Each structure stands twice: as C-alpha cells, then as structure tokens.
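Q: Could we go through this one together, starting with how strand pairing is defined and then moving on to the helices?

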Amino acid sequence: MKWSRYNIVVKKRDFLIFNTVTGGLLEFDKTEFYEILKIRKNPNLLNNCKYKDELIENNVFVKNDEYIINKKVFSTFKDRLNSETLSLTIVPTMQCNLACSYCFQDENTHFKKTRVMSNVTVNNLLNFIKSYEGIKYIYIIWFGGEPTLAFNVIETITKRILKETKVYLFSELITNGYSLSKKMIDLLPQLNIIKLQITLDGSKDTHNRRRYDKNKKGTFSKILQNINKVVKCHPKILIAVRVNIDKTNQNEYIHVYNLFKNQKSNIVVYPGFIEDYSSTTCNSVIDDCIINKENRYSFLIEQNKKYGLFKDNLLPEYTEQSCIARTNKGWAIDEKGNLYKCLANIGDLAYSIGNINDVPIIKNEDLLSEFLTGYDYLRNQECLTCESFPICDGGCPFLLIKSKGNKKLYNRCHISKGHYKELISIFTENY
Ligand code: SF4
Ligand code: SF4
C-alpha cells in the first residue's frame, strides 16, 4: 500500500484529507495526522493503525494509482463508444421570438419565418435515428432559436419515433418560456418531455431590461406565469431555471433563487455565464459547458459567503461522463439537417460534419475525428499525473479545437484545480 497521489491535505484546526477519487473527506487531530505521516513514509505501519479500514476505504492508501488511471480511461472509453443512448440536440427552427440584449445572432436570421425543419429533413432524421441499431434510449434536447415556434415539428418527430422505433425516448425542452401555450403545456407528458430549461435573468426589472420581445416589451411576468402553469399541470416535470450571469447582474441571482426557494415543486435554479463564442445559435443557453471557469469559481464562492448558497456543490465530484462531442452517438442537428458534434456550433457550417439529407451523410471525417479524440486528456501526460484527473472531463473539445489545444488560449482545467484547499476549507465551515 502507498499514499495516493489523489490525496489533498488541508490544515484547519485539525487536519483534513480529501481524496479526489472517492470524494471522501477525513478529519484527524494533530497526533493522529502525524501517525498517518509516518505511515506515508513507511506503509508497513498501516497494519497497526486503528484507522486502517477508513484510510483504505477512502483510497488514502492504495495499492497503485495506475489502477485508478486505467479504470477511468476504460470507463470513459466505454461511455464514449458503447453507450446505449443516442443523444441528439435538435433545432426544429432557428427563428426566435425574443431579442435579448446579449444575443449575438444577427437580426435577419432571428425573426425569419422560413427557417423551420422541412418534412424531407424530418423523414431523413427518422432514417438517421433508425440507422442506430442496438440503442435502447434516445435523449433529445429540443433547442433553437426558440423551439416552441416549431412545436408541430417536435410533435411530429416525437410521435414518429414512438411509433416507428422500439427505443425509450426522453426529452428536454430548452425554451425561453414566452410562447408556451396551454395546448403545448398539456402535450408535454405525451411528448415524453421530462425537463424544461427556462431562463430568468434576475428581478422583474432587470430581466425585462435584458430579455424583451421584438417590440421591446418585457417578458418576465408572462414567463413566470407559464412556469407556474407547468408546475400546476405537471408537478413531476423538472424545471431548470437558468439565470444568465455576466459582470452586470451577479447580484440578481439571489432574487431568482428566493423566488422559488419555498416552492415545494420540481424547480431548480442555477447560474449560466454569458460569453460570446461567436456562435450562430442561442448564446443565452449554450455556454453551460464552456463557461469561463475562473468567473464561475469566484461567483460560487461569493454567493456562498454572502448567502450560504451552493454549499453542496463546493466539493468536486468524480465524473465519468464525456461531453457528447466525444461520443460516437452524440449529435446536434440544425433545421436544415446539418450535423455537428457540438451544440455551440449549430448554424456554423465551418464546424458541420455532414448533412442527414446527403449521401453519404458524413462529409468531414477529419473534423469528426478531431472532436472524438483530438487533444484528449486521456492521452495527455500532464493530465495523467494531475490530482484532478479522476474528477476532470478534460475540458471542452470545441474550445480545444478552436485553440488547437493551446493552453494559453484555453484553460481546459477542472474548476477545482488550484482551488482545492479553499474549497475544502469553505465546505467544512458550512457544516
Ligand atoms: S464541445 Fe464544448 S461546448 Fe460543445 S457540447 Fe462539448 S463541452 Fe459543450
Ligand atoms: S485538464 Fe487540467 S484539471 Fe483536468 S486532468 Fe488535465 S491538467 Fe488536470
């Protein structure tokens, strides 16, 4: 047995040992900790230590850290290549009904009514889905534009998948919530929609200054009414209320949090961070995975110190999930049938891999292979010896491709890297 490279030691009043593989946090007084330090130098002493079982169970002492690396590499590849789930982000239309102040879409694209998925593309989409033999599940994220503006397309595709295939279908609707009609709300369970993501940007005034319709009319009250209607009709549907955060509205998060904190409904509030990735799709929602990590880190710490929020999110957790761009069964598809590996690329043909209306469908194998394996942390020596390796997903493939893996241009590291001691310290103060 030997001391694991994945241990982090923090000195508070006592000594804390956090292991990034198990997420275990152990506390020892000074005498106990010095005994553990002796074992670190001479692992044979472990047999006589009264905490032996605890230390082994939490991976503080391990046979070999290489096993951890092997297991993580194996499970990550399994997840990427052998998934039983086809994960699709589908844009039924690029049209939108809002004109948010931070939207980077050009106005001509925005309100154009022609950009809705055609019947031919819907047919080819069904054929594309059916070509995946052996899958058990399909997870669809309906995205836009504003997907409710082409709700009939969502209905058609869903009903055809349910009728023409034997797979389990679950889906999620990313909507601004403004045009959700009673008919749409009634249909949500029939369309197997288990989650809605809706954005509110703060108090009523702040939200209305940022998220308005094309006549500059504020949208807060109507969106809130629609959220309440969904909650009333379908209490089991999860509603993820996203608060878009930038430098100007960081103090607004607490307003939205307080709005829902006493509701016994299925609503979670979380922060999203707005940045311009020169995407042609809706920037209001794409950046969940490509946020500026330092901004996110300081926001979480500040909100925790001021309001006690995020106390359960401070300790980093082990993850085995890869982004869909790294998996062979993950695709984003726009209303014209163009295929992308990343939803931030939707509408940007420079990043299109092919089109489901063409034969063959895949046109750009080089780009596809770059998304699947390019600049992969599982082959990077620095990553393989990093204490965050067990909990890290290796960063966003799109930004790694954009920066050609250049560390100065894109920090791929996990949010906790370099901040463990502070995070563990604050975590223990919360409890
Ligand atoms: S490539 Fe990056 S932005 Fe795209 S889905 Fe993956 S993590 Fe998100
Ligand atoms: S990307 Fe950064 S945090 Fe993640 S394993 Fe590599 S060096 Fe560590």
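A: Before we start, two strands are said to pair if DSSP finds at least two bridges between them, and please keep in mind that this is a predicted model.

Q: Okay, so which residue is the bridge partner of Ala332 in β13?
A: The partner of Ala332 in β13 is Tyr340, and strand β13, residues 338-340, pairs with β12 in the antiparallel sense over two bridges.

Q: And what order do the strands of that open sheet have?
A: The open sheet has nine strands in the order β11-β10-β9-β8-β7-β6-β12-β13-β14, and the pairing is mixed. Its edge strands, each pairing on one side only, are β11 (267-273) and β14 (354-355).

Q: Switching to helices, at what angle do α5 and α6 pack?
A: Helix α5 (residues 119-130) packs against helix α6 (residues 151-164) at about 35 degrees, with the axes 11 Å apart, and α5 passes α6 in a right-handed crossing.

Q: Which residues make the contact?
A: From α5 there are Val122, Leu125, Leu126 and Ile129, while α6 contributes Val153, Thr156, Ile157, Arg160, Ile161 and Glu164. By class, the contact has seven nonpolar residues, one polar and two charged.

Q: Different topic: is Gly308 buried or exposed?
A: Gly308 counts as exposed because it has 9 C-beta neighbours inside 10 Å, and a residue with 12 or fewer is classed that way.

Q: Where is Gly308 found, then?
A: Gly308 is in the loop between α12 (293-307) and β12 (330-333). In space, Gly308 and Asn430 are 7.6 Å apart, C-alpha to C-alpha, although 122 residues separate them in sequence.

Conventions: Residues are numbered from 1 along each chain as its sequence is written. Chains are lettered from A and ligands numbered from 1 in the order in which they are written. This is a predicted model: local features need pLDDT of at least 70, side-chain atom pairs count only at pLDDT 80 or more; totals for chains, interfaces and linings use all residues. Helices (H or I, at least four residues) and strands (E, at least two) are DSSP runs, numbered from the N terminus. A residue is buried if 20 or more other C-beta atoms lie within 10 Å of its own, exposed if 12 or fewer, and partly exposed in between; C-beta atoms are placed from the backbone. Axes are lines fitted to C-alpha atoms, for helices over the stretch in contact, and angles run from 0 to 180 degrees between N-to-C directions. A crossing is left-handed if the near helix is turned anticlockwise from the far one by less than a right angle, and right-handed if clockwise. Two residues are in contact if their C-beta atoms, placed from the backbone, lie within 7 Å. Ala, Val, Leu, Ile, Met, Phe, Trp, Tyr, Cys and Pro count as nonpolar, Asp, Glu, Lys and Arg as charged, and the others, Gly among them, as polar.
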